[in-house]
Each structure stands twice: as C-alpha cells, then as structure tokens.
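Trainee: I'm new to this one, and I'd like to know the reasons behind the labels people put on it. Can we go through some of them together?
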Amino acid sequence: MNNFILIFFFLSLGLVLQRVKQFPTNIYKTLNKIVIYFCLPAITLYHIPKIKWSNELLFPIGAGWITYILAFLFFHILGRRKGWSNKLIGCLILTAGLSNSSFLGYPIIEALFGKKGLETAVLVDQPGTFVVVSTLGVFTAAFYSKGSPNFLGIFKKIITFPPFLMFVLACVFNILNYDLHENIQAVLLKIGSLVTPLAVLSVGLQLTFDRNSKHWKFLHLGLFFKLILVPLVLLILYVFIFNQHSEAIKITIMETAMAPMITGAILASTYGLKPKLSSMMVGFGIPISFLTLAIWYFVLRFV
C-alpha cells in the first residue's frame, strides 16, 4: 500500500509543480538521467547476483522478451501501413512493449501472492524486462529517433548504457557465486529506492490532460495492447499451448499485465520520441491498470 501511495503522491506532485511558474519543469530531464545512470544500475547490481538459475526460469524470463517482440512487430507493421512517424512508432514500442514489473509489479505481486511470489517477479523484471530495456530498448530509441540504421552507433550506445554494463557485471558475479559486501548492498538498496519517487515525479512533470491532444487515439491503442492483448497472448501461449498451470506462471502473466514501464517512457522522452504520449501512457496506464489487473487476477484463478 505504501508503494501505491508513493506513486500517486509523486505523480500528483509533478502535476502541481507544472503550475508553479518559478519551478523549472525541464528538470525532468535531469531526473531521467539520475534514474537511468544511477538508480537502475544499483538495482541490477543488488538483485542479479542472488538469482538461482534453472530451466524452469525460462518462462518468467522469456515473458518480457516475448512482450517486447510482439510490440515491435505490432506497432512497426501497423505504423508503416498507417504512415506513422518513426518517433510515434518508437514511442509506442517502448511504452506498450515494456511492463512496469518492478516498483509497481513488486508490491502488487507481494500483496496478491505473498513474499514467495517476489522471486518470480524479480525473474520477470531483472533478466527479462530490465535487460530488454537495456538492450532492445536502447536500440529502439536510437533507431527510431535517428531514422537511419546506424548499427555501429546503436551498438556503442548499448554497450555503454550503464544499466547494461551493470547487468553484465552482475551476471559475472552470479556465475562466480559472488555477492558484494553488506555495506555496499545497503548503499545500492538506498540508491535503487529512489527509482519510484524520481521516475514518477518525472512523469508527473511531463503529463498533460489536453482534451484536444492528437495522442488520445494512440493512447487508447497502446494501453489496449499493453493491458489486454499482451497478457491474453501470454495466457494462451503459456497455459493452453505449453500447458503450464503453476503459480509462477500466473505471477508471470500478472507481471505482463502491469502498466507501461516508467523506464521505457523515460527512455522515449530522453530520445525525443513523443515525450507527451510516453508520459500519458504511464500516467493514465497506472490507474487504469489497477482495474484490468483485478480482472486478470480473477481470470487466472480459474486456469
């Protein structure tokens, strides 16, 4: 419950600060950089070394990758047919293709499935969604913002992306069965805990409620894809095709049904991919997802 209160408080604070003339609303760009270059690497370096690997982990880990690939195919093909701009296509891929599986997903999963459920949630988030945003997400942002396939430049952005570098380092620690000193872990936790307030405040500073906005139809499409279509595809794939009925599978599907990932919206905003639409996807997606998540939780009780 504290996480929910925190999310709505900082989202509301950002909206209020927009109306304060003396407040530098462009500060969201600085907040974005703090989240990407400090907070996310800290979270990765804390969690990844602790994961115990097995073949059964492929289902939760693969969910984030499947979701993103679906979004890429869906919006790229549809966007080309409709004549959408590269920036619009890139924005929808980054926001509708990434789940808010950490600071929104963690408290919801813990509330519904207990602390044991967090083990699956971390797998969906860290080696799944988080690695996707650090690799394919950066590729998408760079590709659609430039409009030209400068693959060498994109590759350089990926391998120099701090969260990705920390993920590689954390994987090495995991393989070596090594974990950092407790004092360092405590510092990483404190830095990582800043993700929620800073990221949500950034979204609030950019969120607008313009009734005449040209983004509304794209918002509806993006949220329908993220909150309804994606979990439906995962349900059919995992439960009815692969015949998986464990609690971990249900948690995985719930994670894919979360609102759009704030980091994806920040990445889109940082690269100039329709910042207003990316903020709307998160700002409207979070409260709407509470209703759709309740529906999915009810549905999953019968599978």
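Trainee: Why is Thr252 called buried?

Mentor: Thr252 has a relative accessible area of 1%, and buried means under 20%, so Thr252 gets that label. Keep in mind that this is a predicted model, and the value is computed from it.

Trainee: Where does Thr252 sit, and what is it in contact with?

Mentor: Thr252 belongs to helix α12. Not counting neighbours within four places in sequence, Thr252 is in contact with Phe59, Pro60, Ala63, Thr120, Val124 and Tyr238. Contact here means heavy atoms within 4.5 Å.

Trainee: What makes the space in the second largest cavity count as a cavity?

Mentor: A 1.4 Å probe fits there but cannot get out. The search of the whole structure finds two cavities of 30 Å³ or more, and the second largest holds about 40 Å³ of space.

Trainee: Which residues line the second largest cavity?

Mentor: Ala63, Gly64, Thr67, Gly97, Leu98, Ser99, Val124, Thr129, Glu255 and Thr256 do. Helices α3 (58-82), α6 (117-146) and α12 (247-256) are the elements that give two or more residues to that lining. The largest share, three residues, comes from α3.

Trainee: How do you know how many of the lining residues are nonpolar, polar or charged?

Mentor: You sort them by residue type. Ala, Val and Leu count as nonpolar, Glu counts as charged, and Gly is put with the polar ones. The lining of the second largest cavity then divides into three nonpolar, six polar and one charged.

Trainee: On to another spot. Why is Ile266 called buried?

Mentor: The cut-off for buried is under 20%. Ile266 has a relative accessible area of 2%, so it is buried. Its place is in helix α13 (residues 262-270), and leaving aside neighbours within four places in sequence, Ile266 is in contact with Asn32, Val35, Ile36 and Ala199.

Trainee: How far apart are the C-alpha atoms of Ile266 and Phe167?

Mentor: They are separated by 19 Å, with their positions 99 residues apart along the chain.

Trainee: What makes Ile286 count as buried?

Mentor: Ile286 has a relative accessible area of 2%, and the limit is under 20%, so Ile286 is buried. You'll find Ile286 in helix α14 (residues 275-300). Not counting residues up to four places away in sequence, Ile286 touches Ile7, Leu104, Ala259 and Ile262. The C-alpha atoms of Ile286 and Asn100 are separated by 8.9 Å, although these residues are 186 apart along the chain.

Trainee: Why is Asn177 called exposed?

Mentor: Exposed means over 50%. Asn177 has 62% relative accessibility, so it counts as exposed. Asn177 lies in the loop between α8 (162-175) and α9 (182-192), and it has a positive phi of about 55° although it is not a glycine.

Trainee: What about Lys274: what is its phi, and why is it called partly exposed?

Mentor: Lys274 has a positive phi of about 50°, and it is not a glycine. Its relative accessibility is 23%. Partly exposed is the range between the 20% and 50% cut-offs, so Lys274 counts as partly exposed. Lys274 is in the loop between α13 and α14.

Trainee: Why does Lys50 count as partly exposed?

Mentor: The two cut-offs are 20% and 50%. Lys50 has 33% relative accessibility, so it counts as partly exposed. Lys50 is in the loop between α2 (28-47) and α3. Leaving aside neighbours within four places in sequence, Lys50 is in contact with Asn174, Asp179 and Gln185.

Trainee: Last one. How do you know how α4 and α11 cross?

Mentor: Look at their axes. The axes of helix α4 (residues 86-96) and helix α11 (residues 216-241) come within 9 Å and cross at roughly 35°. The crossing is right-handed, and that word applies because the near helix is turned clockwise from the far one by less than a right angle. In this crossing, Leu88, Leu92, Thr95 and Ala96 in α4 meet Phe218, Gly222, Phe225 and Lys226 in α11. These residues divide into five nonpolar, two polar and one charged.

Note on methods
Residues numbered from 1 in each chain as written. Predicted model: local features only at pLDDT ≥ 70, side-chain atom pairs only at ≥ 80, totals over all residues. Heavy atoms only, no water. Helix = DSSP H or I, 4+ residues; strand = E, 2+ residues; numbered from the N terminus. Buried < 20%, exposed > 50% of the residue type's maximum accessible area, 1.4 Å probe, protein only. Axes fitted to C-alpha atoms, helices over the stretch in contact; angles between N-to-C directions. 1 Å grid on protein atoms, 1.4 Å probe; cavity = no way out; pocket = protein on both sides within 12 Å on 5 of 7 lines; lining within 4 Å. Points joined across faces, edges and corners; volume = space filled by probe spheres on them.
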